[in-house]
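I record here what I looked up in this structure. The entries cover core packing, one helix pair and one residue.

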Amino acid sequence: MTDTQRQIVELARDFARTHIEPKAAEWDRTKEFPRATILELGKLGFLGMCSPEEYDGMGIDAVTYLMALEEIAAADAGVAVTMSIQNAIPTVMLTRHGTPAQKERWLRPLARGEIIVGFALSEPDSGSDPASMRAQAVRDGNGWVLNGLKAWATNGGTADLMMIMVRTDGPDARRGAKGISTFIVPTDTPGYKAGKPEDKMGLRASNTTTIALEDLRLPAEGLLGDEGMGFVYAMEGLDAGRLGIAAQATGIARRALEHSIEYCGVRKQFGRKLGEFQGVQFKLADMATRVEASRALAHAAGALRDRGQSITQHAAMAKLFASETAMWVTTQAIQLFGGYGYMRDYPVEKLFRDAKVTEIYEGTSEIQRIVIARYLGAHP
Ligand SMILES: Cc1cc2nc3c(=O)[nH]c(=O)nc-3n(C[C@H](O)[C@H](O)[C@H](O)COP(=O)(O)OP(=O)(O)OC[C@H]3O[C@@H](n4cnc5c(N)ncnc54)[C@H](O)[C@@H]3O)c2cc1C
(Lines give C-alpha, C1' and ligand atoms only; values in the text may rest on other atoms or scores of the structure.)
Protein backbone atom coordinates (compact mmCIF):
# COMPACT_ATOMS: atom_id res chain seq x y z
CA MET A 1 0.00 0.00 0.00
CA THR A 2 1.06 3.58 -0.63
CA ASP A 3 0.77 6.11 2.20
CA THR A 4 -2.42 7.50 0.63
CA GLN A 5 -3.93 4.03 0.36
CA ARG A 6 -3.03 3.29 3.98
CA GLN A 7 -4.69 6.51 5.16
CA ILE A 8 -7.86 5.89 3.15
CA VAL A 9 -8.11 2.26 4.26
CA GLU A 10 -7.59 3.25 7.90
CA LEU A 11 -10.30 5.91 7.62
CA ALA A 12 -12.70 3.41 6.03
CA ARG A 13 -11.90 0.72 8.60
CA ASP A 14 -12.28 3.11 11.49
CA PHE A 15 -15.65 4.36 10.21
CA ALA A 16 -16.79 0.80 9.47
CA ARG A 17 -15.88 -0.50 12.92
CA THR A 18 -17.24 2.50 14.82
CA HIS A 19 -20.34 3.50 12.88
CA ILE A 20 -21.41 0.47 10.84
CA GLU A 21 -20.55 -2.88 12.41
CA PRO A 22 -22.05 -2.17 15.86
CA LYS A 23 -25.43 -1.43 14.23
CA ALA A 24 -25.35 -4.02 11.44
CA ALA A 25 -27.21 -6.78 13.33
CA GLU A 26 -30.01 -4.35 14.21
CA TRP A 27 -30.37 -3.13 10.59
CA ASP A 28 -30.40 -6.77 9.52
CA ARG A 29 -33.22 -7.53 11.95
CA THR A 30 -35.34 -4.44 11.20
CA LYS A 31 -34.55 -4.05 7.45
CA GLU A 32 -33.75 -0.41 8.22
CA PHE A 33 -32.04 1.56 5.46
CA PRO A 34 -29.33 3.49 7.36
CA ARG A 35 -29.61 6.75 5.42
CA ALA A 36 -27.86 8.88 8.05
CA THR A 37 -24.85 6.54 8.18
CA ILE A 38 -24.65 6.41 4.40
CA LEU A 39 -24.75 10.20 4.14
CA GLU A 40 -21.95 10.34 6.75
CA LEU A 41 -19.98 7.98 4.52
CA GLY A 42 -20.67 10.47 1.72
CA LYS A 43 -19.30 13.39 3.77
CA LEU A 44 -16.01 11.48 4.09
CA GLY A 45 -15.89 11.20 0.29
CA PHE A 46 -16.53 7.45 0.03
CA LEU A 47 -19.62 7.81 -2.19
CA GLY A 48 -17.69 9.85 -4.75
CA MET A 49 -14.35 8.06 -4.76
CA CYS A 50 -14.51 7.25 -8.47
CA SER A 51 -16.07 10.55 -9.60
CA PRO A 52 -13.75 13.06 -11.28
CA GLU A 53 -12.18 15.74 -9.07
CA GLU A 54 -13.52 18.51 -11.34
CA TYR A 55 -17.01 17.40 -10.27
CA ASP A 56 -16.16 17.26 -6.55
CA GLY A 57 -15.23 13.57 -6.54
CA MET A 58 -12.03 12.06 -5.13
CA GLY A 59 -10.87 10.91 -8.57
CA ILE A 60 -9.12 8.04 -6.85
CA ASP A 61 -7.66 4.96 -8.58
CA ALA A 62 -9.76 1.80 -8.74
CA VAL A 63 -7.45 -0.28 -6.52
CA THR A 64 -7.65 2.18 -3.62
CA TYR A 65 -11.42 2.33 -4.02
CA LEU A 66 -11.64 -1.48 -3.86
CA MET A 67 -9.55 -1.50 -0.68
CA ALA A 68 -11.91 0.98 0.99
CA LEU A 69 -15.00 -0.85 -0.21
CA GLU A 70 -13.71 -4.14 1.24
CA GLU A 71 -13.49 -2.46 4.66
CA ILE A 72 -17.09 -1.25 4.50
CA ALA A 73 -18.31 -4.66 3.26
CA ALA A 74 -16.52 -6.42 6.12
CA ALA A 75 -18.74 -4.39 8.47
CA ASP A 76 -22.00 -4.58 6.52
CA ALA A 77 -22.58 -5.76 2.97
CA GLY A 78 -25.84 -3.82 2.69
CA VAL A 79 -24.11 -0.47 3.25
CA ALA A 80 -21.33 -1.61 0.91
CA VAL A 81 -23.69 -2.23 -2.00
CA THR A 82 -24.93 1.36 -1.83
CA MET A 83 -21.31 2.60 -1.83
CA SER A 84 -20.54 0.27 -4.73
CA ILE A 85 -23.47 1.33 -6.91
CA GLN A 86 -22.89 5.00 -6.17
CA ASN A 87 -19.26 4.72 -7.31
CA ALA A 88 -19.93 2.55 -10.34
CA ILE A 89 -22.84 2.36 -12.76
CA PRO A 90 -24.43 5.85 -12.45
CA THR A 91 -21.03 7.51 -12.03
CA VAL A 92 -19.54 5.80 -15.09
CA MET A 93 -22.63 6.57 -17.17
CA LEU A 94 -22.81 10.25 -16.21
CA THR A 95 -19.05 10.84 -16.45
CA ARG A 96 -18.75 9.27 -19.89
CA HIS A 97 -22.02 10.24 -21.52
CA GLY A 98 -23.56 13.15 -19.58
CA THR A 99 -23.75 16.64 -21.05
CA PRO A 100 -21.95 19.38 -19.06
CA ALA A 101 -25.37 20.46 -17.74
CA GLN A 102 -26.30 16.90 -16.66
CA LYS A 103 -22.94 16.50 -14.91
CA GLU A 104 -23.31 19.82 -13.18
CA ARG A 105 -26.80 18.96 -11.98
CA TRP A 106 -26.33 15.29 -11.01
CA LEU A 107 -22.69 14.21 -10.91
CA ARG A 108 -21.64 16.95 -8.51
CA PRO A 109 -24.14 16.13 -5.70
CA LEU A 110 -23.60 12.42 -6.36
CA ALA A 111 -19.85 12.80 -5.93
CA ARG A 112 -20.31 14.85 -2.76
CA GLY A 113 -22.54 12.09 -1.42
CA GLU A 114 -25.49 14.44 -1.03
CA ILE A 115 -27.84 12.30 -3.11
CA ILE A 116 -28.30 8.54 -3.28
CA VAL A 117 -28.52 6.92 -6.70
CA GLY A 118 -29.42 3.58 -8.21
CA PHE A 119 -29.88 1.93 -11.58
CA ALA A 120 -32.81 -0.06 -12.90
CA LEU A 121 -32.05 -2.52 -15.69
CA SER A 122 -33.81 -5.73 -14.57
CA GLU A 123 -37.50 -6.45 -14.99
CA PRO A 124 -39.66 -9.27 -13.61
CA ASP A 125 -39.27 -11.22 -16.89
CA SER A 126 -35.80 -10.09 -17.91
CA GLY A 127 -32.85 -10.52 -15.56
CA SER A 128 -29.95 -12.41 -17.14
CA ASP A 129 -31.27 -11.32 -20.55
CA PRO A 130 -31.88 -7.59 -20.02
CA ALA A 131 -32.04 -6.94 -23.77
CA SER A 132 -35.50 -8.58 -23.67
CA MET A 133 -36.85 -5.80 -21.43
CA ARG A 134 -40.32 -4.39 -22.14
CA ALA A 135 -40.55 -1.04 -20.32
CA GLN A 136 -40.78 1.75 -22.86
CA ALA A 137 -40.31 5.44 -23.44
CA VAL A 138 -42.15 7.20 -26.24
CA ARG A 139 -41.55 10.71 -27.50
CA ASP A 140 -43.90 13.41 -26.26
CA GLY A 141 -43.14 16.71 -27.99
CA ASN A 142 -39.55 17.44 -27.00
CA GLY A 143 -39.71 15.07 -24.06
CA TRP A 144 -40.49 11.47 -23.19
CA VAL A 145 -43.16 9.41 -21.43
CA LEU A 146 -42.00 6.25 -19.65
CA ASN A 147 -44.15 3.22 -18.79
CA GLY A 148 -43.32 -0.25 -17.49
CA LEU A 149 -42.14 -2.20 -14.49
CA LYS A 150 -38.56 -2.61 -13.27
CA ALA A 151 -37.58 -5.24 -10.69
CA TRP A 152 -35.16 -5.59 -7.75
CA ALA A 153 -33.82 -2.06 -8.01
CA THR A 154 -31.31 -1.40 -5.24
CA ASN A 155 -32.33 1.87 -3.55
CA GLY A 156 -35.56 1.85 -5.59
CA GLY A 157 -37.41 3.33 -2.60
CA THR A 158 -34.53 5.32 -1.09
CA ALA A 159 -32.67 6.88 -4.02
CA ASP A 160 -32.99 10.51 -5.06
CA LEU A 161 -32.00 9.63 -8.60
CA MET A 162 -32.39 6.52 -10.75
CA MET A 163 -30.70 5.68 -14.03
CA ILE A 164 -33.40 3.70 -15.82
CA MET A 165 -33.00 1.62 -18.97
CA VAL A 166 -36.11 1.30 -21.18
CA ARG A 167 -36.91 0.59 -24.83
CA THR A 168 -37.19 3.50 -27.24
CA ASP A 169 -37.66 1.45 -30.42
CA GLY A 170 -41.43 1.77 -30.66
CA PRO A 171 -44.32 -0.25 -29.24
CA ASP A 172 -44.00 -3.21 -31.60
CA ALA A 173 -40.29 -3.20 -32.27
CA ARG A 174 -38.10 -5.66 -30.37
CA ARG A 175 -34.63 -4.81 -31.54
CA GLY A 176 -32.96 -6.34 -28.52
CA ALA A 177 -30.03 -4.42 -27.10
CA LYS A 178 -30.07 -1.81 -29.90
CA GLY A 179 -33.47 -0.39 -28.96
CA ILE A 180 -32.63 0.49 -25.35
CA SER A 181 -31.93 3.98 -23.96
CA THR A 182 -30.92 5.30 -20.54
CA PHE A 183 -32.91 7.96 -18.71
CA ILE A 184 -31.94 10.11 -15.75
CA VAL A 185 -34.97 10.03 -13.47
CA PRO A 186 -35.31 12.09 -10.28
CA THR A 187 -37.38 9.84 -8.02
CA ASP A 188 -39.76 12.65 -7.07
CA THR A 189 -40.99 12.79 -10.68
CA PRO A 190 -44.76 12.07 -10.79
CA GLY A 191 -45.28 8.54 -12.14
CA TYR A 192 -42.24 7.05 -10.32
CA LYS A 193 -43.70 4.48 -7.93
CA ALA A 194 -41.42 2.31 -5.80
CA GLY A 195 -42.93 -0.92 -4.47
CA LYS A 196 -42.62 -2.06 -0.86
CA PRO A 197 -39.12 -3.03 0.25
CA GLU A 198 -38.45 -6.67 -0.65
CA ASP A 199 -38.07 -9.05 2.31
CA LYS A 200 -34.63 -10.43 1.47
CA MET A 201 -32.56 -13.33 2.79
CA GLY A 202 -29.61 -11.01 3.40
CA LEU A 203 -28.30 -7.56 2.55
CA ARG A 204 -31.16 -6.27 4.61
CA ALA A 205 -29.75 -2.80 5.23
CA SER A 206 -30.09 -2.28 1.49
CA ASN A 207 -33.43 -1.24 0.05
CA THR A 208 -34.63 -3.33 -2.92
CA THR A 209 -37.93 -2.61 -4.69
CA THR A 210 -39.84 -2.81 -7.92
CA ILE A 211 -40.32 0.49 -9.72
CA ALA A 212 -43.55 1.10 -11.60
CA LEU A 213 -43.21 3.76 -14.29
CA GLU A 214 -46.68 5.18 -14.87
CA ASP A 215 -46.85 7.87 -17.55
CA LEU A 216 -43.63 9.31 -16.12
CA ARG A 217 -42.82 12.46 -18.11
CA LEU A 218 -39.27 13.65 -18.64
CA PRO A 219 -37.92 16.63 -20.56
CA ALA A 220 -35.54 16.04 -23.49
CA GLU A 221 -32.55 16.38 -21.14
CA GLY A 222 -33.76 13.29 -19.25
CA LEU A 223 -32.15 11.16 -21.98
CA LEU A 224 -28.52 10.24 -21.29
CA GLY A 225 -26.20 10.24 -24.27
CA ASP A 226 -27.50 8.85 -27.54
CA GLU A 227 -30.88 7.24 -28.07
CA GLY A 228 -30.49 3.46 -28.49
CA MET A 229 -27.13 3.29 -26.68
CA GLY A 230 -28.50 2.60 -23.20
CA PHE A 231 -27.62 -1.09 -23.21
CA VAL A 232 -24.00 -0.33 -24.11
CA TYR A 233 -23.82 2.27 -21.33
CA ALA A 234 -25.27 -0.22 -18.84
CA MET A 235 -22.69 -2.86 -19.78
CA GLU A 236 -19.86 -0.30 -19.40
CA GLY A 237 -21.20 0.56 -15.97
CA LEU A 238 -21.55 -3.10 -15.03
CA ASP A 239 -17.82 -3.69 -15.62
CA ALA A 240 -17.12 -1.20 -12.84
CA GLY A 241 -20.03 -2.56 -10.79
CA ARG A 242 -18.71 -6.12 -10.92
CA LEU A 243 -15.34 -4.98 -9.60
CA GLY A 244 -17.18 -3.48 -6.63
CA ILE A 245 -19.10 -6.69 -6.02
CA ALA A 246 -15.79 -8.60 -6.02
CA ALA A 247 -14.52 -6.28 -3.27
CA GLN A 248 -17.81 -6.60 -1.41
CA ALA A 249 -17.60 -10.41 -1.52
CA THR A 250 -13.94 -10.29 -0.42
CA GLY A 251 -14.93 -8.14 2.57
CA ILE A 252 -17.68 -10.59 3.58
CA ALA A 253 -15.33 -13.58 3.27
CA ARG A 254 -12.50 -11.85 5.12
CA ARG A 255 -14.76 -11.00 8.06
CA ALA A 256 -15.99 -14.61 8.25
CA LEU A 257 -12.34 -15.75 8.29
CA GLU A 258 -11.45 -13.26 11.05
CA HIS A 259 -14.37 -14.38 13.20
CA SER A 260 -13.40 -18.02 12.61
CA ILE A 261 -9.76 -17.50 13.63
CA GLU A 262 -10.87 -15.73 16.79
CA TYR A 263 -13.43 -18.41 17.66
CA CYS A 264 -11.04 -21.30 17.04
CA GLY A 265 -8.61 -19.60 19.42
CA VAL A 266 -11.04 -19.81 22.35
CA ARG A 267 -13.50 -22.67 21.75
CA LYS A 268 -12.35 -25.91 23.37
CA GLN A 269 -13.40 -29.50 22.66
CA PHE A 270 -11.61 -32.68 23.73
CA GLY A 271 -9.66 -30.47 26.16
CA ARG A 272 -7.98 -28.47 23.37
CA LYS A 273 -8.69 -25.29 21.46
CA LEU A 274 -10.25 -25.96 18.04
CA GLY A 275 -7.32 -24.14 16.46
CA GLU A 276 -4.95 -26.79 17.77
CA PHE A 277 -6.52 -29.48 15.59
CA GLN A 278 -4.74 -29.77 12.27
CA GLY A 279 -8.03 -30.49 10.49
CA VAL A 280 -9.26 -27.07 11.64
CA GLN A 281 -5.96 -25.39 10.71
CA PHE A 282 -6.25 -26.81 7.17
CA LYS A 283 -9.73 -25.34 6.84
CA LEU A 284 -8.56 -21.90 8.03
CA ALA A 285 -5.58 -22.07 5.67
CA ASP A 286 -7.83 -22.81 2.69
CA MET A 287 -10.20 -19.99 3.68
CA ALA A 288 -7.34 -17.49 4.00
CA THR A 289 -5.85 -18.54 0.66
CA ARG A 290 -9.12 -18.05 -1.18
CA VAL A 291 -9.72 -14.65 0.44
CA GLU A 292 -6.25 -13.53 -0.61
CA ALA A 293 -6.80 -14.84 -4.16
CA SER A 294 -10.15 -13.02 -4.40
CA ARG A 295 -8.54 -9.75 -3.39
CA ALA A 296 -5.63 -10.27 -5.79
CA LEU A 297 -7.96 -10.91 -8.75
CA ALA A 298 -10.07 -7.84 -7.92
CA HIS A 299 -7.02 -5.62 -7.54
CA ALA A 300 -5.49 -6.97 -10.76
CA ALA A 301 -8.69 -6.06 -12.62
CA GLY A 302 -8.69 -2.67 -10.86
CA ALA A 303 -5.11 -2.07 -11.97
CA LEU A 304 -6.09 -2.85 -15.58
CA ARG A 305 -8.86 -0.28 -15.28
CA ASP A 306 -6.41 2.27 -13.87
CA ARG A 307 -4.26 1.73 -16.96
CA GLY A 308 -7.29 2.48 -19.15
CA GLN A 309 -7.67 -1.06 -20.46
CA SER A 310 -10.88 -3.02 -20.98
CA ILE A 311 -11.79 -5.01 -17.87
CA THR A 312 -14.90 -6.87 -19.03
CA GLN A 313 -13.33 -10.33 -18.80
CA HIS A 314 -11.24 -9.65 -15.70
CA ALA A 315 -14.07 -7.96 -13.81
CA ALA A 316 -16.22 -11.01 -14.55
CA MET A 317 -13.42 -13.33 -13.32
CA ALA A 318 -12.93 -11.28 -10.16
CA LYS A 319 -16.65 -11.19 -9.37
CA LEU A 320 -17.12 -14.89 -10.14
CA PHE A 321 -14.21 -16.02 -7.99
CA ALA A 322 -14.82 -13.64 -5.08
CA SER A 323 -18.55 -14.35 -4.85
CA GLU A 324 -18.08 -18.12 -4.91
CA THR A 325 -15.31 -17.68 -2.35
CA ALA A 326 -17.60 -15.64 -0.11
CA MET A 327 -20.21 -18.40 -0.24
CA TRP A 328 -17.63 -21.13 0.41
CA VAL A 329 -15.77 -19.30 3.19
CA THR A 330 -18.95 -18.33 5.05
CA THR A 331 -20.16 -21.94 4.82
CA GLN A 332 -16.86 -23.12 6.36
CA ALA A 333 -17.18 -20.44 9.04
CA ILE A 334 -20.59 -21.73 10.10
CA GLN A 335 -19.16 -25.25 10.21
CA LEU A 336 -16.32 -24.09 12.46
CA PHE A 337 -18.75 -22.35 14.80
CA GLY A 338 -20.84 -25.56 14.96
CA GLY A 339 -24.30 -25.10 16.49
CA TYR A 340 -23.48 -21.54 17.50
CA GLY A 341 -22.77 -20.75 13.86
CA TYR A 342 -26.39 -21.53 13.03
CA MET A 343 -27.66 -19.03 15.60
CA ARG A 344 -28.48 -15.38 14.90
CA ASP A 345 -26.60 -14.39 18.08
CA TYR A 346 -23.32 -15.14 16.30
CA PRO A 347 -22.11 -13.07 13.35
CA VAL A 348 -21.30 -15.71 10.76
CA GLU A 349 -24.85 -16.68 9.73
CA LYS A 350 -25.50 -13.06 8.62
CA LEU A 351 -22.30 -13.11 6.57
CA PHE A 352 -23.48 -16.39 4.98
CA ARG A 353 -26.86 -14.85 4.08
CA ASP A 354 -25.23 -11.67 2.80
CA ALA A 355 -22.75 -13.62 0.68
CA LYS A 356 -25.36 -15.40 -1.45
CA VAL A 357 -26.53 -12.38 -3.40
CA THR A 358 -23.02 -11.71 -4.71
CA GLU A 359 -23.46 -14.84 -6.86
CA ILE A 360 -26.71 -13.43 -8.26
CA TYR A 361 -26.76 -9.68 -8.85
CA GLU A 362 -24.90 -7.68 -11.50
CA GLY A 363 -24.94 -10.95 -13.46
CA THR A 364 -25.18 -14.43 -11.95
CA SER A 365 -22.12 -16.71 -11.76
CA GLU A 366 -23.39 -18.46 -14.90
CA ILE A 367 -23.51 -15.14 -16.76
CA GLN A 368 -19.96 -14.30 -15.58
CA ARG A 369 -18.81 -17.65 -17.01
CA ILE A 370 -20.51 -16.83 -20.32
CA VAL A 371 -18.71 -13.44 -20.40
CA ILE A 372 -15.34 -15.02 -19.56
CA ALA A 373 -15.75 -17.82 -22.12
CA ARG A 374 -16.59 -15.26 -24.83
CA TYR A 375 -13.04 -13.91 -24.50
CA LEU A 376 -11.47 -17.36 -24.78
CA GLY A 377 -12.52 -17.86 -28.35
CA ALA A 378 -14.44 -20.92 -27.16
CA HIS A 379 -17.66 -19.79 -28.86
CA PRO A 380 -18.36 -20.89 -32.43
C1 LIG B 1 -30.74 -8.01 -3.73
C2 LIG B 1 -30.78 -7.77 -5.20
C3 LIG B 1 -30.46 -6.51 -5.68
C4 LIG B 1 -30.51 -6.25 -7.06
N5 LIG B 1 -30.25 -4.98 -7.49
C6 LIG B 1 -30.44 -4.68 -8.81
C7 LIG B 1 -30.32 -3.32 -9.27
O8 LIG B 1 -29.97 -2.41 -8.50
N9 LIG B 1 -30.62 -3.06 -10.57
C10 LIG B 1 -30.98 -4.04 -11.45
O11 LIG B 1 -31.21 -3.72 -12.61
N12 LIG B 1 -31.09 -5.34 -11.04
C13 LIG B 1 -30.84 -5.67 -9.75
N14 LIG B 1 -30.98 -6.99 -9.31
C15 LIG B 1 -31.39 -8.01 -10.27
C16 LIG B 1 -30.28 -8.99 -10.61
O17 LIG B 1 -29.31 -8.39 -11.40
C18 LIG B 1 -30.94 -10.22 -11.28
O19 LIG B 1 -31.67 -10.91 -10.28
C20 LIG B 1 -29.92 -11.13 -11.91
O21 LIG B 1 -29.34 -10.51 -13.05
C22 LIG B 1 -30.53 -12.48 -12.34
O23 LIG B 1 -31.70 -12.31 -13.06
P24 LIG B 1 -33.02 -13.14 -12.66
O25 LIG B 1 -33.18 -12.98 -11.18
O26 LIG B 1 -34.11 -12.73 -13.55
O27 LIG B 1 -32.64 -14.67 -12.91
P28 LIG B 1 -32.79 -15.45 -14.31
O29 LIG B 1 -32.20 -14.63 -15.39
O30 LIG B 1 -34.19 -15.90 -14.45
O31 LIG B 1 -31.85 -16.70 -14.05
C32 LIG B 1 -32.27 -17.83 -13.28
C33 LIG B 1 -31.14 -18.85 -13.31
O34 LIG B 1 -30.91 -19.26 -14.66
C35 LIG B 1 -29.54 -19.06 -14.96
N36 LIG B 1 -29.38 -18.70 -16.36
C37 LIG B 1 -30.01 -17.72 -17.05
N38 LIG B 1 -29.59 -17.67 -18.31
C39 LIG B 1 -28.64 -18.62 -18.42
C40 LIG B 1 -27.80 -19.08 -19.51
N41 LIG B 1 -27.82 -18.50 -20.72
N42 LIG B 1 -26.94 -20.09 -19.27
C43 LIG B 1 -26.87 -20.68 -18.04
N44 LIG B 1 -27.63 -20.30 -16.99
C45 LIG B 1 -28.50 -19.29 -17.19
C46 LIG B 1 -29.08 -17.95 -14.05
O47 LIG B 1 -27.67 -17.95 -13.90
C48 LIG B 1 -29.82 -18.28 -12.77
O49 LIG B 1 -29.11 -19.28 -12.07
C50 LIG B 1 -30.87 -7.28 -7.95
C51 LIG B 1 -31.16 -8.56 -7.46
C52 LIG B 1 -31.11 -8.81 -6.12
C53 LIG B 1 -31.43 -10.19 -5.61
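Which residues does Phe183 touch, not counting residues up to four places away in sequence? I find Ala137, Trp144, Leu146, Met162, Met163, Ile164, Val166, Thr168, Leu218, Gly222 and Leu223, where contact means heavy atoms within 4.5 Å.

I note that this is a predicted model, in which local features need pLDDT of at least 70, side-chain atom pairs count only at pLDDT 80 or more, and totals for chains, interfaces and linings use all residues. Residues are numbered from 1 along each chain as its sequence is written, and side-chain values use heavy atoms, with hydrogens and water left out.

I looked up the largest nonpolar core (buried Ala, Val, Leu, Ile, Met, Phe, Trp, Tyr and Cys residues joined through side-chain atoms within 4.5 Å; buried means under 20% relative accessible area with a 1.4 Å probe, protein chains only). It has 107 residues, and Ile72, Met83, Leu146 and Phe183 have the most contacts inside it. Helix α7 (residues 230–264) gives the largest share of this core, 16 residues; helices are DSSP runs (H or I) of at least four residues, numbered from the N terminus.

I then examined α7 with helix α3 (residues 62–75): the two pack at about 45 degrees, with axes 7 Å apart. Axes are lines fitted to C-alpha atoms over the stretch in contact, and angles run from 0 to 180 degrees between N-to-C directions. Among the residues that meet are Leu66 and Glu70 in α3 and Ala247 and Thr250 in α7.

Finally, I checked Thr250, in helix α7. Thr250 counts as buried because its relative accessibility is 1%. Thr250 touches Glu70, Val291, Ser294, Arg295 and Ala322, not counting residues up to four places away in sequence.

Definitions and conventions:
Buried means under 20% relative accessible area, exposed over 50%, partly exposed in between (1.4 Å probe, protein chains only).
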